Amino acid sequence: MRLIAEDLAARRGEDLIFVNVSFQLTPGEAMVLTGRNGSGKSTLLRVLAGLLRPEKGSVEAVFRDGRESRPAREVSHYLGHRNAMKQELTVIENLGFWQSFLGDVEGGEGRSIEEAADMVGLGGITHLPFGYLSAGQQRRFAMAKLLVAHRPVWILDEPTAALDASADEMFAGLVHEHLANGGIAIAATHQPLGLKDAKALVMKGFAYHETEEMA
Amino acid sequence: MRLIAEDLAARRGEDLIFVNVSFQLTPGEAMVLTGRNGSGKSTLLRVLAGLLRPEKGSVEAVFRDGRESRPAREVSHYLGHRNAMKQELTVIENLGFWQSFLGDVEGGEGRSIEEAADMVGLGGITHLPFGYLSAGQQRRFAMAKLLVAHRPVWILDEPTAALDASADEMFAGLVHEHLANGGIAIAATHQPLGLKDAKALVMKGFAYHETEEMA
Amino acid sequence: MNTTSLVISKFSELANPTRFLALSGRILPWLGGLTALLLVLGLYMSFTTEGDYQQGETVRIMYVHVPAAWLSMMCYSVMAISAIGTLVWRHPLADVSHKAAAPLGAAFTLIALVTGSLWGKPMWGTWWVWDARLTSVFVLFLMYLGLIALNRAMDDAPRAARLSAVLILVGFVNIPIIKFSVEWWNTLHQPASVIRLDGPTIDPEFLWPLLVMAIAFTLLFFTLHLMAMRNEIWRRRIATQRRMAARMAGREG
Amino acid sequence: MSHAFYIYLSYGISGAIVFALIGWTWLDGRARQAELRALEAAGIRRRSSAAATETSPQ
Amino acid sequence: MIALFLRDLKLSVRAGGGALIGVLFFMTVVAVIPFGVGPDLNLLSRIGPAIVWIGALLAALLGLDRLFQADRDDGSLDLVLMQETPLVLTVFVKCLAHWVATSLPLVIASPLLGLFMNMNEVAIGAVMLTLLVGSPAITFIGAAGAAVAVALPRGGLLVSILVLPLAIPVLIFGVSASYAAVEDPAPFMPPFLFLIAITLFFAVIGPLAAALALRSSSD
Amino acid sequence: MIALFLRDLKLSVRAGGGALIGVLFFMTVVAVIPFGVGPDLNLLSRIGPAIVWIGALLAALLGLDRLFQADRDDGSLDLVLMQETPLVLTVFVKCLAHWVATSLPLVIASPLLGLFMNMNEVAIGAVMLTLLVGSPAITFIGAAGAAVAVALPRGGLLVSILVLPLAIPVLIFGVSASYAAVEDPAPFMPPFLFLIAITLFFAVIGPLAAALALRSSSD
Ligand code: HEM
Ligand SMILES: Nc1ncnc2c1ncn2[C@@H]1O[C@H](COP(=O)(O)OP(=O)(O)OP(=O)(O)O)[C@@H](O)[C@H]1O
Ligand SMILES: Nc1ncnc2c1ncn2[C@@H]1O[C@H](COP(=O)(O)OP(=O)(O)OP(=O)(O)O)[C@@H](O)[C@H]1O
Ligand SMILES: [Mg+2]
Ligand SMILES: [Mg+2]
């Protein structure tokens with residue numbers, strides 16, 4: 001499986017945010033997005049996840065040497081700024097829901113909830129309502145969501161915000177394991193993620209006056 | 001003015017989170033709170049801000065050598081995980097509201113909105129609805145909120161999450177200026193904040209089994 | 001990043017609103033003149049023809065009421081077609097079109113409602129009854145207002161356009177209900193006598209002024225629609241330029 | 001009340017609504033154009049006019 | 001899909017209090033009408049079906065605007081939009097869960113209210129049956145409104161305005177079927193079948209429109 | 001305080017609320033009624049006051065539950081709680097803003113709706129007056145419920161049990177005062193004075209209870 005983004009451009013409201021973004025990722029590769037605040041990292045990730053329609057270009061997951069292709073969103077996990085967990089439900093209920101709602105994409109299998117909780121270092125408190133956790137604990141369980149259902153591509157938006165130092169390592173470990181199993185990861189970040197050999201894409205932001213020709 | 005916390009203890013749900021926290025801060029002093037995820041940093045800050053009732057102990061701002069004292073919450077800014085800004089309103093409207101709602105505490109004066117926006121590096125886009133901004137831009141404007149109304153004490157919970165490297169410096173500059181003007185700052189963080197000479201308080205988190213005798 | 005290629009690729013799209021502005025600017029004076037002419041003619045005819053033996057002089061209300069009622073439905077149909085344009089071809093002009101048409105539709109519907117009530121008082125003895133025709137027109141009026149409110153509640157123009165397009169299409173079920181309500185339910189209101197399969201059954205004495213007025217109203221609608229669309233395009237340009245100016249100021253500062 | 005009352009009232013109200021509509025659209029257009037001119041005067045030109053002249057010779 | 005259904009059900013029972021507030025509002029409406037029409041039992045029983053239907057319609061509006069907004073606010077909506085499962089199906093299941101949590105209790109409570117309104121057994125049965133068949137239509141069409149409201153920070157009233165005009169046919173046929181069951185000359189089946197048809201129609205149109213609106217409003 | 005009032009007003013106007021929408025909503029509700037009870041003008045004018053009041057209650061309920069929740073979700077509530085200004089006052093101002101944004105337009109529009117419902121002038125005046133006096137009570141009592149809802153993340157059910165039963169007396173006195181104005185034997189003043197008393201009572205109790213609940217809820 002390869003992830004191919006070709007000549008992407010996206011706009012927010014009326015303004016173009018970036019143009020001509022192209023890249024390819026093969027199994028085991030990671031890409032780190034960096035750039036100033038407001039330079040369009042989150043926008044690019046949302047385009048990759050199929051949540052924003054690109055102004056131009058396409059994102060696809062290609063299987064079997066190009067003989068089959070699917071929209072990238074169907075084979076991806078997306079971890080955004082918000083955790084996509086319900087405050088009112090317990091962690092087990094939350095993770096259980098996503099596990100059975102998301103299901104596994106072929107080529108891998110999700111872990112059990114307890115196993116995932118252990119991997120993010122918080123085994124044993126899954127019976128608590130999600131709203132009772134600290135910011136960092138909530139973020140860790142949002143990561144556990146990536147583990148309970150298998151997706152070859154991980155799209156992560158500032159995954160380690162709110163995490164402590166030991167959690168950074170934990171997270172790097174998770175991503176390395178995912179890559180070792182033939183996964184692909186794309187992360188936007190302001191902090192070093194501890195990922196070696198990752199490709200890097202620096203978002204520049206677009207000079208606004210150059211893009212106004214549409215109005 | 002001094003900020004005096006005496007023998008604080010707090011619980012979340014049924015569990016004691018910390019006990020016996022005492023400290024004093026005089027004008028120009030800063031304190032940095034560190035500790036694992038879930039160790040009680042946010043809880044302590046919320047106690048200081050008067051948002052959580054402490055199980056024991058008290059927090060007070062003492063004026064004129066102890067002859068007058070007020071609850072700390074009335075002389076403090078609190079910047080939590082959430083930005084306290086409305087997505088629907090423009091930045092100007094948001095900041096303008098907080099400026100006139102909060103008002104100044106005696107001993108200082110808030111800056112104008114444009115000035116504050118310039119100081120956080122985002123002058124010129126204050127007419128945009130807050131919901132249109134990127135995560136980092138939102139966080140910066142939440143900091144601008146600290147500047148538009150004067151409060152001698154700043155209570156900051158992971159202020160630099162989602163900020164890029166240049167913003168970290170900008171933030172350190174803001175805090176230094178605040179301290180130089182006789183302010184007090186308390187921040188919980190996982191990242192180095194660039195504050196020299198700050199006191200440090202490491203939260204240990206309370207081992208759960210040690211607290212069960214209270215239940 | 002290569003910006004010139006982008007400028008070129010966008011140029012064809014941008015040509016559209018620009019060309020529209022130029023073209024409509026040339027058409028508008030003629031359209032407006034023709035509308036004024038026909039309106040005067042229609043008004044003259046409607047006040048010089050004979051009254052009806054049964055409805056007396058009040059039949060003259062028909063010359064306003066019926067065209068306005070037709071227009072209220074036609075305007076919605078125009079909006080529905082534009083809505084398809086928005087959703088299927090994502091054409092920016094279609095967005096502008098249905099946004100600009102909503103207030104016009106509301107106004108024509110209001111005219112139909114008011115003149116209908118004013119006709120109802122002498123003919124039926126009451127201003128208002130809750131029968132199917134009257135109520136469905138009232139619902140149409142509410143839908144227009146709802147769409148205007150929706151457009152005003154969102155300042156992200158493309159998004160607002162897509163969402164109101166969805167609503168316009170869903171609300172289109174109301175149009176056949178209005179049209180055929182007099183046949184499906186028995187009501188006080190007249191059944192269709194002009195637009196029907198077996199030809200008009202109305203006396204030609206009334207038919208002529210009615211037709212002239214109807215054409216005049218239709219032209220009036222298109223004139224106003226073109227003007228409103230131009231206004232809307234300008235409004236968007238101004239908004240973009242303001243934002244751009246502010247951002248450039250932000251960069252330099 | 002005579003029938004004439006209803007007739008003239010309905011023509012009157014319709015006329016008022018139509019005139020309000022025309023007036024509003026007209027004035028709106030005037031205001032927009034004035035704003036455009038003001039922006040132009042402030043030196044903010046549409047990028048496209050520049051782009052168009054740049055790219056048209058090609 | 002079943003997981004989604006169960007989660008939504010759990011959420012509305014645990015957080016919203018949807019069922020109870022609907023039933024309470026419903027009872028309030030029914031309790032107030034007698035003040036208007038006076039203690040004339042005949043009249044009450046005559047307008048009974050209409051009142052019960054109107055009450056149910058209004059009660060169904062409460063909470064409808066949050067159908068997708070809650071999911072948007074915590075980011076779940078993003079994940080739901082990404083999946084391979086057709087969005088229409090997801091919306092349909094969410095509608096079902098919402099219906100079970102808020103409208104079904106109304107249907108179950110309606111006989112009680114019928115008694116309050118002094119309706120006879122046939123009328124009560126007819127109202128309950130028409131409500132059971134007709135109320136899903138309101139939920140489905142409401143979902144389209146709620147999807148539009150996602151783009152708005154606070155949909156509330158706007159949703160109801162957009163939805164109510166479309167819900168009118170449901171009301172008309174529901175009420176007329178209930179009356180037809182009691183009054184002899186009018187046949188019960190035609191309006192009832194019409195009601196079923198409308199519900200089926202909206203069961204398709206509503207989720208489709210909602211899915212379209214959700215896709216085009218995501219940002 | 002004025003800033004808070006203006007902000008809340010702006011929020012509810014901007015975010016798909018606002019005067020226009022409240023009135024529209026009300027008109028839609030009223031337009032729905034004749035479909036249910038049939039176009040009998042006499043009957044309509046009899047149930048008119050009750051319908052207008054129910055519409056007002058519904059409009060007040062829609063969106064009321066989010067009065068403090070929206071502020072809690074984005075963290076504004078924390079800052080509001082920290083200030084020196086008495087919390088009761090803040091709550092009171094928020095209630096006022098909510099009332100002005102959603103209930104006042106209804107009061108102003110009620111004569112129009114009275115006309116639609118074929119009510120006579122006295123009835124219209126009476127409904128308008130009672131609405132003006134009575135609707136704040138619903139907002140105030142609703143505020144207490146909304147505050148409790150913030151306190152209990154799973155307290156949905158409790159809120160509805162709390163708010164509606166307390167709102168029923170308001171509704172009953174409002175409606176019966178309106179009817180008393182039209183029907184001769186019944187005197188208008190007693191229920192009307194009662195209504196005023198209830199409103200004043202709730203104007204004190206509501207914000208107090210809400211402030212108490214907010215203070216004890218913060219976490
Ligand atoms: C507020 C009240 C009324 C409303 C909303 C209303 C609405 C309409 C509408 C929507 C049409 C267009 C129907 C079509 O194209 O098939 C129409 C046509 C017409 N209306 Fe009314 N109407 C009202 C009152 C009246 C009254 C009181 C009269 C006269 C007694 C009347 C006489 C007519 C006639 C003669 C037509 C033309 C029918 C035809 O030839 O197709 N209307 N009205
Ligand atoms: N509302 C709540 N109810 C019950 N327990 C809670 C609640 N909020 C937090 N806790 C518990 O209190 C403990 C401390 O949480 P706190 O938010 O203070 O941690 P923190 O040091 O800020 O962590 P982080 O670095 O992740 O932000 C955690 O174990 C958490 O589970
Ligand atoms: N909903 C929106 N509507 C209009 N403009 C938006 C919207 N969201 C973001 N923007 C704009 O798009 C630009 C890029 O935002 P984006 O969130 O992609 O930045 P980012 O690189 O993720 O920044 P950060 O590091 O702060 O998260 C910003 O200038 C922002 O103002
Ligand atoms: Mg971002
Ligand atoms: Mg914390």
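A residue is near a molecule if one of its heavy atoms lies within 4 Å of it. Keep in mind that this is a predicted model, where local features need pLDDT of at least 70, side-chain atom pairs count only at pLDDT 80 or more, and totals for chains, interfaces and linings use all residues. Residues are numbered from 1 along each chain as its sequence is written, chains are lettered from A and ligands numbered from 1 in the order in which they are written, and side-chain values use heavy atoms, with hydrogens and water left out.

**Exercise 1. Place ligand 3 and describe what surrounds it.**

Step 1: start with the chains. Ligand 3 sits between chains A, B and E.

Step 2: look at the shell. Of its 22 residues, A:Lys41, A:Ser42, A:Thr43, B:Ser134 and B:Gly136 come nearest. Sorted by class, there are five nonpolar, 12 polar and five charged residues; here Ala, Val, Leu, Ile, Met, Phe, Trp, Tyr, Cys and Pro count as nonpolar, Asp, Glu, Lys and Arg as charged, and the others, Gly among them, as polar.

Step 3: find polar contacts (pairs of N or O atoms within 3.5 Å). The side chain of A:Asn37 puts an N or O atom 3.0 Å from a ligand 3 oxygen. On chain B, a polar side-chain atom of B:Ser134 is 2.6 Å from an oxygen of ligand 3, while a backbone N or O atom of B:Tyr132 is 2.7 Å from a nitrogen of ligand 3.

Step 4: check the cover. Protein covers 95% of the 640 Å² of accessible area that ligand 3 has on its own (Shrake-Rupley method, 1.4 Å probe).

**Exercise 2. Do the same for ligand 2.**

Step 1: ligand 2 lies between chains A, B and F.

Step 2: of the 21 residues around ligand 2, the closest are A:Ser134, A:Gly136, B:Lys41, B:Ser42 and B:Thr43.

Step 3: oxygen atoms of ligand 2 pair with polar side-chain atoms of A:Ser134 at 2.7 Å, B:Ser42 at 2.5 Å and B:Thr43 at 2.4 Å.

Step 4: here the protein covers 93% of the ligand's 640 Å².

**Exercise 3. Find the contacts of E:Phe25.**

Step 1: set the cut-off. Contact means heavy atoms within 4.5 Å.

Step 2: leave out residues up to four places away in sequence. Within chain E, that gives E:Gly55, E:Leu58, E:Ala59 and E:Leu62.

Step 3: cross over to chain F. E:Phe25 also touches F:Ile54, F:Leu57, F:Leu58, F:Leu61 and F:Leu164.

How values were computed. A polar contact is a pair of N or O atoms within 3.5 Å; within protein, one must be able to donate a hydrogen and the other to accept it, and residues adjacent in sequence count only if both atoms are side-chain atoms.
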